[in-house]
Amino acid sequence: MATPTALRVVEKEWVAWRRLWKASVFQATISPLLFLAAMGLGLGDLVNKGSGGVNGVDYLVFVTPGLMAASAMMQGAGESLWPVLGGVKWMRTYHAAVSTPVSAGALFAGHVIWISLRVLLSATVFLIVAVILGGVPSLWGVLAIPAAVLGASVFAAALNGYAVTQESDIPFAVILRMGLFPLFLFSGTFFPTSRLPDWLQPVSWFSPLWHAVELCRAATTGSAPSAGSIVGHIAFLVACLAAGCWWGVRRFTQALTA
Amino acid sequence: MIQGTNITKRFGSFVAVDGIDFHVEPGEAFGFLGPNGAGKTSTMRMVGCVSQPTSGELRILGMDPAVDGSKIRARLGVVPQEDSLDSELTVLDNLIIYGRYFDLPHAEIRRRAEELLEFMQLTDRRNDLVDPLSGGMKRRLTIGRALVNQPDLILLDEPTTGLDPQARHLLWDRFYQLKRQGTTMVLTTHYMEEAEQLCDRLVIMDGGKIVTEGSPRELVARHATREVVELRFTTPEERDRALPRLAEFGERIEALTDRVLVYTQDAGKVVALVTDGELHPESVYERRGTLEDVFLILTGRTLDD
């Protein structure tokens, strides 16, 4: 049976990654874990002493799912910007790929699947360390891994589609600073969105990261406000992913097969 | 192998390819000769099924690219104009990955890769990364990569542009070998020498249109003359003074900024007339007629313009 063309693209990424995996895994996990140690343990100690945690929950337990989802987003975004421009412009390997039976759409799909696998690995490492540090009180916590991957894939799909038609990487820094970093800080990652000004709270509903954080938090703490809210978060993220994939396939097709 | 009828490609209001007709027979080496911007690469992208014609009918290997693009691409070997190797991978891994895009089994790709490395004289670089390779080696690897699926049809877009003569001749030698094995080749070039050496039949393109079609020998016989005398003059004034006389000596002349070409069946006779006529050119050079002359005569411009 023929291998689906998107999986041939995943295999290509795997072969390239095998050469550099140590540096890559180190990079993708060490910074989130430093954050977790500093915020969860260092800052958390102050928060716990000052106000008894967040909503009665120990600060480490509160911030662990937030950091997990936010780090997944950052990794998903980073892997979708420079590497895509490299493939389409600097090395032109994407042009080589679409001159084979692989279509532009399959190339897009393969790349997004590959990024999701990378996030899966990082999120798993993160969760294991968080368990050891005591940040994951519930066994449901294992479900935070697919939740983080789902959230990251939303960003991966959209940013793949964005990056493929760019002429240079200059706007990427702006996207990170003006787009992703505010999301990183204000999507219920480090403090509940109820602490945001009233007018800003509805805005957070549109942040895919907020939905991913809420899902991760429900999993690691083992408590959800309601079953309906879980379904709502998942539905929102899946809808964003579907829209991102539709757009991304179009953009890849336009950029590579005009 | 390929049948194109009234093929047009537009990008917005820009017409890159303007209603061309061409066909390629099995086992043939077919060329698109023309200057940069003539529409050669756009045509190659359509034949390579990575770009759809805006209008016209294209059949490749008996199939319609709009319907069976992926199936057609599975049987093509594409050498793009710009390098598109993966510099994060080794020479060997570049071949393996590309073979996997065609879903070839790993063992089969490895066997073919070793053969291709040998054929392209890259065996001793097989485990090196791509980046430090010379331009000629990268080109050879790109060509080897295009052969990994044992294509029925090879598309070479400006295959030797930017290479030094030695690297170019090594590639030509490989193309001859492929030709002898009966491989069908389509190539674009703006080097008339490359077209003359490699093509059984070619079309000359200019401004998105096909200007003429035939074998290199036929085209020279039809549009140019067997021999050409090139004269250089010390000043434009002397050149202009000589033009009316030169026009009498040959069948036709072309006055370029730096030289005058006299088209004739007998170069020796023209040279004798120039010497007797006391025209005092700075230099005189006899040569045979080439595709460059065909292009010049048909378009009024040189291929480098």
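What radius of gyration would a compact globule of 258 residues have, and what does chain A have? In this predicted model, chain A has a radius of gyration of 19 Å, which agrees with the value near 18 Å that a compact globule with 258 residues would have. The extent of the chain can also be followed along its principal axes, where the C-alpha trace of chain A spans about 60 × 40 × 40 Å.

Turning to what builds this chain, chain A contains nine helices and zero strands, and read from the N terminus on, its elements run α-α-α-α-α-α-α-α-α. Within chain A, buried residues make up 50% of the 258 residues, where a residue counts as buried if 20 or more other C-beta atoms lie within 10 Å of its own. The contacts inside the chain add a further view: when those between residues at least 6 apart in sequence are considered, 82% of them join residues of chain A that are at least 24 apart.

The model also shows where the two chains meet, in a contact that takes 21 residues from chain A and 22 residues from chain B. On the side of chain B that touches chain A, two helices, α2 (65–73) and α3 (91–101) of chain B, each supply at least two residues, and α3(B) gives the most, with five residues. Sorted by class, that side of chain B has nine nonpolar residues, together with eight charged and five polar ones.

Definitions and conventions
Residues numbered from 1 in each chain as written. Chains lettered and ligands numbered in written order. Predicted model: local features only at pLDDT ≥ 70, side-chain atom pairs only at ≥ 80, totals over all residues. Contact = placed C-beta atoms within 7 Å. Helix = DSSP H or I, 4+ residues; strand = E, 2+ residues; numbered from the N terminus. Nonpolar A, V, L, I, M, F, W, Y, C, P; charged D, E, K, R; others polar. Rg over C-alpha atoms; globule rule 2.2 N^0.38 Å. Buried ≥ 20, exposed ≤ 12 C-beta atoms within 10 Å, placed from the backbone.
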